[in-house]
Amino acid sequence: MHKIIIEGNRKLSGEIKISGSKNSAVALVPAAVLCDEKVSIANIPNISDVDSLEQILNYLGAYVDRNGDIIKIDSSKIENKVIPEEISKKLRASYYFMGALLSKFKKVEMYFPGGCSIGERPINLHLKGFEALGAKIEEKENFFRITADKLVGTKINLDFASVGATINLILAAVKAEGTTIIANAAKEPHIVNVATFLNNMGAKISGAGTSEIKIEGVKYLHSCFHEVVPDYIEAGTYMIIASALGNNLKISNIIPDHLEALISKLEEMDVPMQIGVDYIKIDSPVCLKPVNIKTQVYPGFPTDLQQPMATLLTQADGVSTIHETIWENRFLNLFELNKMGAKASLLSNSKASISGPSELIGKTVMATDLRAGASLVIAGLLAKGTTIIENADYILRGYENIIEKLSKVGAKISLEEIE
Ligand code: EPU
């Protein structure tokens, strides 16, 4: 267990280099299981979610060599064992082993995945898609046994453009007989990153990044080298920090196109930005304007930046609103922000309002999930005095070297291990 301690109210300047995307890496590592030879993936972020996936690969008997930001995986000799609950519950993305192992062995047995408590998080769309491909699902309490004599391509219409279901169904369909079409597919950059990885191995996937993805099944996937796309949620989090406290703070190694929804909201708030090919430089303005935010699937405003943004809205001059449409339980950070002096109110389960500007004061607060934790880091950086963030392990799941990155630009922030 860890806590983060911040002495706030300091301007930040210099450069923060963005790491590989968490939500891409956590799909690419299980996808590597499908390769019949060895794969190398670069720009892998050093976060605990990747450690947990590495643990699953080791458990299954894969060869794994992780050195710096490069991971080499050879799954050609893995054993198809039941993935125990202690490992699968550590993170949500363990569910990608469902699609990957089902595709490779026509059988997978594992427990329901874990992840941040931000809503109910069902996997019905994943399961419905596996069934459409010919799989049989047996579910007992928390345990899933998914088997198929063979997987046969078909058209799958997703009721909702789910990121996880889209990726899992690509994984399941990649070696199926014939052609699979996923309609109403999610379009996030990590979907494209996963499809490109599989295509580099010899898969035949087209349309990733649009709402209709076509997968022609192949029999064999060969060795390849691939790179994780920069993390637009990590980038967005640091852009929000720069909008609050930046003094010509440069966020580099980014793809600005992935951040259009955030850029347009920051522009609406009057944040001065200089956008380059692979970087954004930001100064915090004297006065921030309030805005209304509605989370949507990509390319809409990302739910994963809603909580960090809530902290910035405490500094805007007037009333801002947030409408969360993806997750049911993503406002717990507001209670912690209020302890620090924010004026946030829940209007309903999915709507909140924030009045500002508020002077934030350092307090002991609790991270209830990864992005709620990021919201509190931003609050701690803004606050006068000392902020202690308990449950900081959530934050380490998704932000590589967050302490080092923020210290380098002038923050006074440290991590402490507690019993
Ligand atoms: N949904 C269903 N049934 C399903 C799948 C999803 O009803 O079978 C619903 C969910 O309950 C939710 C919505 O669809 O209301 C969106 O779920 P989605 O499947 O798109 O999300 P996910 O794959 O579980 C990924 C990210 C999340 C991110 C969401 C939305 C990973 C490992 N997680 O989750 O990331 O919020 O997409 O963009 O990729 C985070 O990084 O903090 C995080 C929570």
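This passage describes the pockets, the ligand surroundings and the cysteines of a predicted model.

Residues are numbered from 1 along each chain as its sequence is written, and side-chain values use heavy atoms, with hydrogens and water left out. As the model is predicted, local features need pLDDT of at least 70 and side-chain atom pairs count only at pLDDT 80 or more, while totals for chains, interfaces and linings use all residues.

A good place to begin is the empty space. A pocket here is an open set of points, on a 1 Å grid over the protein atoms alone, where a 1.4 Å probe fits, with protein on both sides within 12 Å along at least five of seven lines; its lining residues have an atom within 4 Å of a point. A volume is the space filled by probe spheres set on the points, which are joined across faces, edges and corners. The largest pocket has a volume of about 910 Å³. Its lining comprises 43 residues, and Arg 121, Val 163, Gly 164, Ile 326 and Trp 327 are the closest to the centre. Two or more lining residues come from each of helices H1 (22-31), H5 (124-132), H6 (163-173), H8 (232-245) and H12 (370-382), helices being DSSP runs of H or I with at least four residues, numbered from the N terminus. By class, 21 residues of this lining are nonpolar, 11 polar and 11 charged; Ala, Val, Leu, Ile, Met, Phe, Trp, Tyr, Cys and Pro count as nonpolar, Asp, Glu, Lys and Arg as charged, and the others, Gly among them, as polar.

The second largest pocket has a volume of about 330 Å³. Among its 19 lining residues, Ala 244, Pro 285, Val 286, Gln 315 and Leu 382 lie nearest the centre. Helix H8 gives the largest share of this lining, 3 residues.

Turning to the ligand, 23 residues surround it, with Asn 124, Ser 162, Asp 304, Ile 326 and Arg 371 coming nearest; a residue counts if one of its heavy atoms lies within 4 Å. Polar contacts are pairs of N or O atoms within 3.5 Å. A side-chain N or O atom of Asn 124 is 2.7 Å from a ligand nitrogen, and a polar side-chain atom of Tyr 95 lies 2.7 Å from a ligand oxygen. For the side chain of Asn 23, the distance to a ligand oxygen is 3.3 Å.

Finally, the cysteines. With a disulfide taken as a pair of cysteine sulfur atoms within 2.5 Å, the count is 0. Cys 224 is not bonded because its closest cysteine sulfur, in Cys 35, is 6.2 Å away, too far for a bond. Cys 224 is buried (under 20% relative accessible area, 1.4 Å probe, protein chains only), at 11%. Cys 287 is partly exposed, at 41%, the class between buried and exposed (over 50%).

Terms used. Polar contact = N/O pair within 3.5 Å; in protein donor to acceptor, adjacent residues only side chain to side chain.
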